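Biologist: Please take me through how to read a few features of a model like this one. I would like the general idea, then the case at hand.

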Amino acid sequence: MAKDNKKQQHAKESLMIVRPAVRRWGLDYLHVSLIILVVILIAFAFALSAFKPGPIYASCPGGIVNGTCEGPSHTSAQVLAAGESVLAAYAPVNTSLSLLAYYSSPNHGNASYVANTGEWLVQIPYLNPFSGNKNELTMLLYDSNLSLVRPFLQTAAPAQSTKNRVVALGVIQLAGKSLCTSKTPIPVYDMVDPYAPGAMAGLFTGVNASAAYGSSINMSYKIIFTGYAVDKYSSYGENETQETGAYLWCASNQPRFKAFLENYSLVFNGEPLNSVTLYQTAQGSGLNMSQLGSCLNNASGALIAQSKLAQFYNITTTPTFLVDCRYSTIPQTLSDAVPYVLNQTK
C-alpha cells in the first residue's frame, strides 16, 4: 500500500527540462548582445566627435564672415573721437548750445556698442554753467561711418559737421590750423568784436591772464568786425565805427593797456565813440600819445590782416581765444585751456 502511494506522488510532480543555450562562435546569446551594444556605443561616440554642431551666434555686430563672428567696425577710442567732433560742431552756433562745446569733458566720457541696432552709445559729462550741476550728454552714432544718429535729448543736431574736436574741458582742437612756430611762451590771441556782447569781459580776461601766466604766454589782441559792428555802419559810418577798434588795438600794444580799458569801460555804452572821447580816454590813461598816433596811422592795414586771420580760423563769434594757434576757447574757460596747452608743449 505504501509503495502505491509513493508511485502516485511521483506521478503528480512536474518535470523541468533544461536545454543548453545555442552558441555562436563559442558565445551564448547574452555575450553576443553585450558585444553588439558596446560596438554601437563606440560608433555613437565617434559620430559625436566627428559631427560637432557649428557655433551659434546670438549677436554678430559685423555679421558672420567665413563662419566667424565679426565685431564692431570701430573701436571705442575712434567712437569717442567722433563724439568730440560732434561737440565741436556746436561751437559756432549762435545760441546757448554753443556752450556744449566748451563745458563738456570728453576725457571722462565712454562709448558702448549696441549690438542689436549696430550703433554706439556715447556718454560725455557736461558741466551746466547755469545750474552748476553735472549732467550726462548722450548721443548715438552709426557704427558703419560714425555719423550722428540722434543728438542729445531735446537738442537739435549741429547744422554742419566739423573735423575739430573737443579734447578737454573748454578746449577745442582745430583741425589743420597752425600758424605758430614758437612753443614757450605760447601765443594767445584774444579775438574781439568791440560791439559784441561780452566784449569788455573778453578784453579784461586777456589782461588778467597775461598777469596770471606771466612769461608762459604771449597775449595779443585781434580786433575784428563781425555782424555786431556792421550793424553800426548805417548809423555811424564805417570809419567811425572801426575807429573805436583801432584805438583798442593800438592801446593794447602799450604797457598801460589795462588803465586804458578801465577808463574806456566807463565811457563806452555799446555804440561807437567819437574821436575826441577816444583821444581824451587814451591821454587820461597815460598812453604814449606819439606812439599811439603812429599806430593809428597804420591801423587799417593791421585790422584787415586780423580780419583775414579770423577768416582763416573760421571765427564768427567773439570773444574767442586762440591758444597756440591750434586750440580755441572762450573767456569763461581760458583758465582751463591755457594749463592744458602748456602741458601739451612739455
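Modeller: A polar contact is a pair of N or O atoms within 3.5 Å; within protein, one must be able to donate a hydrogen and the other to accept it, and residues adjacent in sequence count only if both atoms are side-chain atoms. The model is predicted, so local features need pLDDT of at least 70 and side-chain atom pairs pLDDT 80 or more, while totals for chains, interfaces and linings use all residues. Residues are numbered from 1 along each chain as its sequence is written, and side-chain values use heavy atoms, with hydrogens and water left out.

Biologist: Which backbone oxygen lies 2.7 Å from a polar atom of the side chain of threonine 241?

Modeller: That of glycine 237. Threonine 241 sits in helix 6 (residues 238-252); helices (H or I, at least four residues) and strands (E, at least two) are DSSP runs, numbered from the N terminus.

Biologist: Is threonine 241 buried or exposed?

Modeller: Buried means under 20% relative accessible area, exposed over 50%, and partly exposed in between (1.4 Å probe, protein chains only). Threonine 241 is buried, at 0%. Contact means heavy atoms within 4.5 Å; not counting residues up to four places away in sequence, threonine 241 touches Tyr195, Phe225, Ala229, Lys232, Tyr233, Tyr236 and Pro272.

Biologist: What does serine 252 contact, leaving aside its neighbours within four places in sequence?

Modeller: Tyr221 and Phe257. Serine 252 also lies in helix 6 and counts as buried at 13% relative accessibility. A polar atom of its side chain is 2.5 Å from the backbone oxygen of tryptophan 249.

Biologist: How do I read burial along a whole helix?

Modeller: An α-helix has 3.6 residues a turn, so residues three or four places apart point the same way. In helix 11 (residues 334-344), the buried residues are Leu334, Ala337, Val338, Val341 and Leu342. Seen down the helix axis, they fall within an arc of 125 degrees (taken from the directions from the axis to the C-beta atoms), so they line one face of helix 11. Their packing partners include helix 4 (199-213) and strand 10 (217-223).

Biologist: And pockets?

Modeller: Rolling a probe the size of a water molecule over the atoms shows where empty space is left. On a 1 Å grid over the protein atoms alone, a pocket is an open set of points where a 1.4 Å probe fits, with protein on both sides within 12 Å along at least five of seven lines; lining residues have an atom within 4 Å of a point. The largest pocket holds about 510 Å³ of space. Of its 22 lining residues, the closest to the centre are Ser98, Pro197, Thr317, Thr318 and Pro319.

Methods. Grid points are joined across faces, edges and corners, and a volume is the space filled by probe spheres set on the points.
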